[in-house]
Each structure stands twice: as structure tokens, then as C-alpha cells.
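This report describes selected parts of one protein model. Please look through the sequence and the structure before reading on.

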Amino acid sequence: MPTAGQETATTWQRSSRPTQTVQPPAIDPPRTLPRTVEPDEFLLLASKLTVPDPPAAVVDRPRLTKLLDTATRGPVTMVAAPAGWGKTVLLSSWLSAGGSAHPAVWLTLEEGDEGRRFWSYLQAGLTTAELPHHPPGPPTGPSDEAFLPRLAAAVAARHEPVLVILDDFHLVHDPTVLRGLEFLLRHSNGRFRLVIAARTEPVLPLHRWRLTGELTELRAGDLAFTEAETAELIARHGLTVPRRLAQTVHARTEGWAAGVRLAALALRGDPDPARFVADFAGDHQGVADYLTAELLTPLTGEVRDLLLRTAVLDRVSGESADAVTGGGDGERLLTTAVGEANGFVVPLPGEPGWYRYHRLVGDLLHAELSRQRPGDLAELHRRAARWHAAHGFPAAALRHALAGHDWPTAEGLLAAHWPQLTLCGHDETLRAALPSAPPETLRTAPLLALAYATDRLDVADPDGADDQLRLAARHTDADPRGHARPESAAAALAAGRLVRAQATGDLGEVIRAAHDLVAGTASERDRPAEQGHVIALTALGGAHLSLGEFAPAETVLTEALQRATAIGFGCAERRGGALLGLLHAIRGQLRAAETTARTALAVPACRGRRCAGHVAAAHLALAVVHHQRDERAEADRQLERVVEPAAEPALIAPLAIVRAWVREASGDRVGALEVLLAGRRELHDGHRTRHLDHWLCATEAELRGAHGDGGGARDLLAAALARSTEPADELTVALARTHLRAGDPATAVATLPDWPADREPQVPLASRLDAAVVRALAVRALGDGRRAHDILERVLELAVPDGHRRIFTRGGGALRSLLAEHLDCGTAHRSTVNDLVEATSPPPDDGRRAAPAEPLTDRELTILRYLQSTLSNGEIAAELFLSVNTVKTHVRNIYQKLGAPRRREAVRRARELRLL
């Protein structure tokens, strides 16, 4: 990536020929050594007026180039970000691709480009922009008041605007230059377009242009590479790395262009890319050198010292900075840091006064703090612990107390807040791993091991968590002192085992630990015990859900949600409500699922690392709801919001199934099967249950059957049923559909489950609807049309209130035909059936597109609408106050014009022609 000293420029114009570098005549390079230059004379360098060549490994970024296309139609565009965010590369590659619709002048600025020197360069650049009048020469002295008016007049006389790009504009401090540019913008008749690339905001009246909508701003957040762009940039360096590694590089660099390039360059020579990416941090030599030289060194000493000493914090405010450093000017210094290092010191959205450091910058600062002031670390953490505890951040306070070896404070915090810690994890990311407590400390305060176990789970180290939990268990009964009572210690330990089991998807251990936690908190009435009880109930409900035990799952989750709401435990409300919403969605109760899931999503999240994932089930529930309602775009959006399955092992199978449903609905049956099989491969033994296995098998069979592999689908289902020792409704319904698809309706009817009347209400609505549709189609194929329509009407009664549509639209031509016939049989759901028939009608071929040779009259169209009903000709005549013979004449004319021999075919033909 070019450095500030290497970024150079030229004048560009859009044309059909390749863009040429135009050398201003006034700055031809000398043929001999220059003569002695008088104080008011200087030579101009063509390199500063030459557009830099984009690097070889450059990524096409249409989202930004389109923004520049639009922005440069206005007077001022500002691209402001610290070093390495790709300002110069973006602008130069945009120009190289012919991005500017008008002639463009490029000027790379350096220290000292002030006053006459600046205007001389700008005048030389404008000379090549073919002004209608030759631009005036540079000002002859400080008192040359005629120069700017002459220059503005020359630019204003152009027939089209000229784009002036000033790179590294933060190096210009001359107020006369700033005032002169503002003058040109005001007096050049809109022909002067200014693009500023700078590390900090220039001292220009940006507020005025911002207010009038004349300013377009691109900041570090806009310039940050996306995951896809990061992967492409790595690939353009000649590297092929797994998607997971590219994602990790993106997460660690936060899209910082220079960081991605440095990582890619280092990766090319590393024999172990996975290890390199795992260790890539701000103290990597290349990253550290770049950030130190380009970011930290230019900062003032007091700002740099503040950043260094607050590197122990994940989030920082002026008040917390003062508490840690002992100073009193934290807010001002942080505001200054944001102005000088925006993109590396990041204001937190929605939290005024709070900031965080870019991940690599935070790594570098912490490494420097550890190197320069190792003796200060423990005290800085202890100060941070005291401040966070006093301001309502117990998890952060606990972690800082542990890092600062303040064991009494840590023990007290843990005793009071262990439910929040175990459920949501830590809310503060430490730059270094927590040091383990000494054995003698754990003997007297065993709960501290629980805090370390939670820390290991937060960094995806379940084995380390197991070690700490064993330590806690060993000392729990050994006379713990401090704030934790023996029964509280046992309950907290059960919560730790429960979270450990959930993180790995071990359902058996989840159930055992949940029961232990229920037992340990049932008789307690303090807040931690009540919260722990809710956590246990929620976990039990989630386990029942994974096991397919829907009735007990609903009972337990409903109780957990009610208790969480009563005691104001918002995080448990989110998790319990999300799981209950998913349960409703799987059962086919779409209205209840939507209400419950959206209520869970509306509960504010805490900052615990795992809390964001608690609503994954709610998004998945909404994806099911929208899929079953045939709202594909919204189903896709909800699926995108589901956390990665690794964060919620219990969701691996349901997520794979719903993703497969959505892909199949869009016509991608091969992709749907691939997604489903990939989800099955992710399942570990601890995640597998009979219910999930049956659900996965039934979905796979449906996809294979719909793709033409009926034999494979039947074999798959038959094998699964042979292994099952209990009723398997999902499998039998899927097998019945496979027989029906193979043209064997009798076997399909015989295969369907025959639920007793007293048990049917307990069967999930989704299963009942699925089975009933198969039964209706099968008995119709066997010639019992009346029974088929009776069954279909019952299906509509069950499906319409919740908005089910997919059960009908996936049924193919046979179900569409049954629906169309149903309109003639009398139904309480005529508008819904009409809509479904319309939605499932195939596009007519060319022959069907043709309108009738003779159009229907208004009276015939009216009677045609009545033909959809079950009314006889005489009843239609009575409705319209016509004679029966008149109606019969109109009906014969309708049949003739539509080419239909009877009433049903006439209605079908009219629907194909969109007459109904």
C-alpha cells in the first residue's frame, strides 16, 4: 500500500481513449542541475500532480465507487480516516476506472505545501484541465488580492465542472489556503468540485455544507472492508485460505485495509496459516511498526499516555478513564483521540461518551503497557474493578478483580451475581488471559474457579472450563469463607456445569445439571437463587424441545418465562421467550410463535458475550413463521440474523432444516439438500436425539422425493422406521407422501398415522396439517371426491387462522386442482382458496395466453363469477332478477367463448385467463 510520501497524482478525463498523464508545461523536469533558487521561487514536481497507480492487489468495491459517482456531483466530498484505511487507493482506482464524469486534477500534499506553493500546484493542475481562459498565475505575494477572483472567474467560465482531489489534506494548516478554497467553492458557479482525502477533519465550514446537504462524508466505517472484500483481497495476494480463516482475519482487523494487507503478506510465507491467523494481533511486528509510526507517534504525549493506561479496558468513558488513570481530563483527551484517530478510537453507537479501541490498536497498547509498565497492570485492573462495581457492571468488575488478584472483591461479586455471569458470560474483554488463582486461594474461595471456568467458555476452551469446574467441586464442601454460603456454592457450581453442557450440546448432562440447580435453588428466596432457578427451568425446557417432548417443554418454558418476568431477569426472558417461540413455530402455532418471538426480541440485551445469542431461537422461529406464510424475503432476513450454530448447538439441526426449506421454496433443491446434509454432519453425538434424527430424515426424504429420487426417499424412511422403537409421526407422514407421489394412494392412506380422537389435539398442528393434506389428495385419487373436500375444508379451518400457506403452495398441480374444485363445493374460506389457486397457477403457455376470440360481455362476466359458487342456474337467475332461460343462454355463450364443455372447466379456463 502506498505511504503518504508515495501517493502521487495526475489529471484525468473520461474519454474513449486510455487516460494520458498530462505534464503541466510549467513544471518540466530540468535537464541540468537547478540554479540557485531565490527565496520566492521553487520548482514544481510532476509526481505530486500524478494519480498514483493502484496496487496490483486491489479489490473492486462498487458500493464505494457508486457512492463517489453520486458524491462528486455535489460541491464537497470528504474522505476522512487514519492511515491505512485505503483513502488513496479508493480514489486512485476510481479514477483509473474512469470514475469521474468530468476532468479531474489530483494533488498530493506534503508538509510545507502552503501559501504560494499550494496555489502554484493548483494553478498548474488546472492548466491541464483545459479551462476556457488560461488560469491566472499564482499570487505574486501575500497581498495579491486579485488572484482568487481571477481563478474563480476562469473556473466559472468552464462549460463543465472540474474535480480537484487534494490527497493528504491534513498536512495543510495555512488558514489562507482554507479560506481560498471556500472562496472558490462559493464563486465558481458550481464548476469547482472539491474532494478532500485526509486523516483528520480540515478546518473548513463543514457544518454549513452538512446542513445544506452539499457535503458527502466517507469515514473509516465506510472504508472498512466487508468479510467478502477481505477474502477477495487475501485471494488477490495469491493465497487460498478456508473461509473460516478469512473471517478471522476480518474480525481481527475490523476491515482495516492495511491490516488485511499486512496479514496477507505475512501469510504468504507462513507454513501454518491457521496458527498464524489465530495469533495475529496488534503486536505483530508489521502491524506494530505501522501503527506506531502512523498513528501513535503523531499523537500528543498526554493522549498517548491515556490510551496506554486505559488499554486494560474493553470499553472506556471519560469517567472510567479518570478512575483508572487517576487523572481528571479523560473526556477531553478521548474526544481528541477520536478526532485524530477516528476508526481506531471508536465511539460506541447509542452510548454517548463511551468508546472502544480498534482490536489491533488495543492489542498493541496492551503489549506496550505490559512492556513499559508491567508493575502498573495489577493496580490498573483493581481500579477498574472498583469503578465497574460501583457503576452497575458486576461481570466486568469481577473480571478486573481477578486480573488484579483482588480475591475478596472477586468472591463477593461472584456470590451476588453468579447467575448473570453463568447465563450471559463476561461483558469485558481482557487483552490477556486471566491468570489462575493460587491453589490456597481456591481452597478458601472455591467459587472463584467458577469465574475462571466461565472465562474459558467465553474463549471456546471447554477443556479448560472442565479443569476449573473440577477445582471448584473439589473445594466446595471444604468450609468456604467470605460471602458464599455452602448451598450457594453448590448451586453456582451446578449452574457452571449446566452452561458447560449447553455449550457443547450434551443434553444428558444439561438435564442432570439443571435438576441439580433446581434442587439447589428451590428453597432459597434470595435473588441469585431465584435467577438460578429460572436458568435451570429454561435449560430443561430447551432440552425437552430438542428431545421432541413438546408438551413438557411448553409447560417448563412457560413457567420459566413467567418467573423471569416477575423478578425482572431480562436475559432469561430473552432466552426463554426465544425457545418458547421456536417451540410454537415447530408445532405450527404461527401466531403464538410470532408474538412470543417478537416479545423476546424486544427485551433489552445485557453486554454479556453470550447474551446476543440468546435470541437466535427467536429469529429462527420467525423464519419458520414467514416461510410457512410464503414470505420468502422476510424468512431469508430472519435466517441471516441467527447466530452461527456453534454458539447454540441445540439449534444446529433446526437451523439446517429451515435453511433447507427456504432454499427448496426458492427452487434450489440441490442446494437445499446440501445445506441439510451439512447440518447433519455438524451434529455430534451429544446433540442427536430421536426427534431431531426423525425430523432430519423426513426433510431429506421430502427433498429427495421432490427431486425425483422416490426410491431413495422410500428406502431412507423405511430404514429409519425399522430402527425406531416408538411411533414416528414425521417419518410415517413423509413415507405416505412418497407413496402418493409414486402413484400408490391406497398405500399412502394405509401408511398415515391414525390418531385417536382424544390424542389428536395433542399432535402438533404442523403434523396434523401435513397428514391431512396427504390424506385428502390420496382419497381424491381413489375416487372419493366428497371425502377429499371434507378433509380439505377441515385443513382450511385449522390453517387459515395462523396464516399457513406453504402447506398448500408446495402441494403441486394435484393440490391446486383440488383447491380449484373446492370453490365449486362451497367453502367458508372462498377468498383464501381463490388466492391460493391464483398463487399456484402456472404461467399459461402461448395458447392459453390468448384471450377468447370473442370477449365476454359485462353480463356474461357477472354470471361467470356466480359459476364459481354452488348456486344452480335458477338460483343465479333469482339473484340477478333474470329468467332462467336468459341465464342458460349466457352460460352457453360463456362455454362457447371459453372453449369449455362444462361449468368446472369454464371456471378453470377463466382463472387461467385471469378473468376471475
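## The five-stranded sheet

Strand S2 (residues 104-108) is largely enclosed by the rest of the structure, because 5 of its 5 residues are buried. Here, buried means under 20% relative accessible area, exposed means over 50%, and partly exposed lies in between (1.4 Å probe, protein chains only). Helices (H or I, at least four residues) and strands (E, at least two) are DSSP runs, numbered from the N terminus. The model is predicted: local features need pLDDT of at least 70, side-chain atom pairs count only at pLDDT 80 or more, and totals for chains, interfaces and linings use all residues. Residues are numbered from 1 along each chain as its sequence is written, and side-chain values use heavy atoms, with hydrogens and water left out.

In a regular strand the side chains alternate between the two faces of the sheet. In S2, Ala104, Trp106 and Thr108 lie on one side and Val105 and Leu107 on the other; all are buried, and both faces are covered.

S2 belongs to an open sheet of 5 strands with parallel pairing, in the order S2-S3-S4-S1-S5. Its edge strands are S2 and strand S5 (215-218), each of which pairs on one side only. Two strands count as paired if DSSP finds at least two bridges between them. From one strand to the next, the twist averages 15 degrees. Axes are lines fitted to C-alpha atoms, for helices over the stretch in contact, and angles run from 0 to 180 degrees between N-to-C directions.

The table lists three strand pairs of this sheet, with one pair of opposite residues for each.

| Strand pair | Sense | Bridges | Opposite residues |
|---|---|---|---|
| S2 and S3 (residues 162-167) | parallel | 5 bridges | Trp106 and Ile165 |
| S3 and S4 | parallel | 6 bridges | Val162 and Phe192 |
| S1 and S4 | parallel | 5 bridges | Val79 and Ala197 |

A further bridge partner in S3 is Asp167, which is matched with Thr108.

Helix H2 (residues 87-96) packs on this sheet, touching strand S1 (76-80), S2, S3, strand S4 (192-198) and S5, and its direction makes about 155 degrees with that of S2. Contact means heavy atoms within 4.5 Å. Helix H5 (residues 175-187) lies across S1, S3 and S4, and runs at about 145 degrees to S4.

S4 is also mostly covered, with 7 of its 7 residues buried. On one side are Phe192, Leu194, Ile196 and Ala198, and on the other are Arg193, Val195 and Ala197; every one of these is buried.

## The three-stranded sheet

Another open sheet has 3 strands in the order S6-S8-S7, with antiparallel pairing. Strand S6 (316-317) and strand S7 (345-347) are its edge strands, each pairing on one side only. S7 is joined to strand S8 (residues 354-357) by 3 bridges, and Val346 has Arg356 in S8 as its bridge partner. Helix H15 (residues 330-341) packs on this sheet and touches S6, S7 and S8; its direction makes about 50 degrees with that of S8.

## Two individual residues

Pro298 is found in the loop between helix H12 (285-296) and helix H13 (301-309). Pro298 is exposed, with a relative accessible area of 54%. Not counting residues up to four places away in sequence, Pro298 touches Thr292 and Ala293. Its C-alpha atom is separated by 10.0 Å from that of Ala341, which is 43 residues away along the chain.

His890 is placed in helix H45 (residues 884-898). With a relative accessible area of 17%, His890 is buried. Beyond its neighbours within four places in sequence, His890 is in contact with Arg859, Glu860 and Ile863.

## The second largest pocket

On a 1 Å grid over the protein atoms alone, a pocket is an open set of points where a 1.4 Å probe fits, with protein on both sides within 12 Å along at least five of seven lines; lining residues have an atom within 4 Å of a point. The second largest pocket holds about 1,100 Å³ of space. Of the 42 residues that line this pocket, Ile586, Trp695, Glu730, Ala766 and Ser767 are the closest to its centre. Grid points are joined across faces, edges and corners, and the volume is the space filled by probe spheres set on the points.

Elements that give two or more residues to the lining include helix H26 (550-567), helix H27 (570-587) and helix H33 (690-706). H33 gives the most, with 8 residues. By class, the lining has 20 nonpolar, 10 polar and 12 charged residues. Ala, Val, Leu, Ile, Met, Phe, Trp, Tyr, Cys and Pro count as nonpolar, Asp, Glu, Lys and Arg as charged, and the others, Gly among them, as polar.
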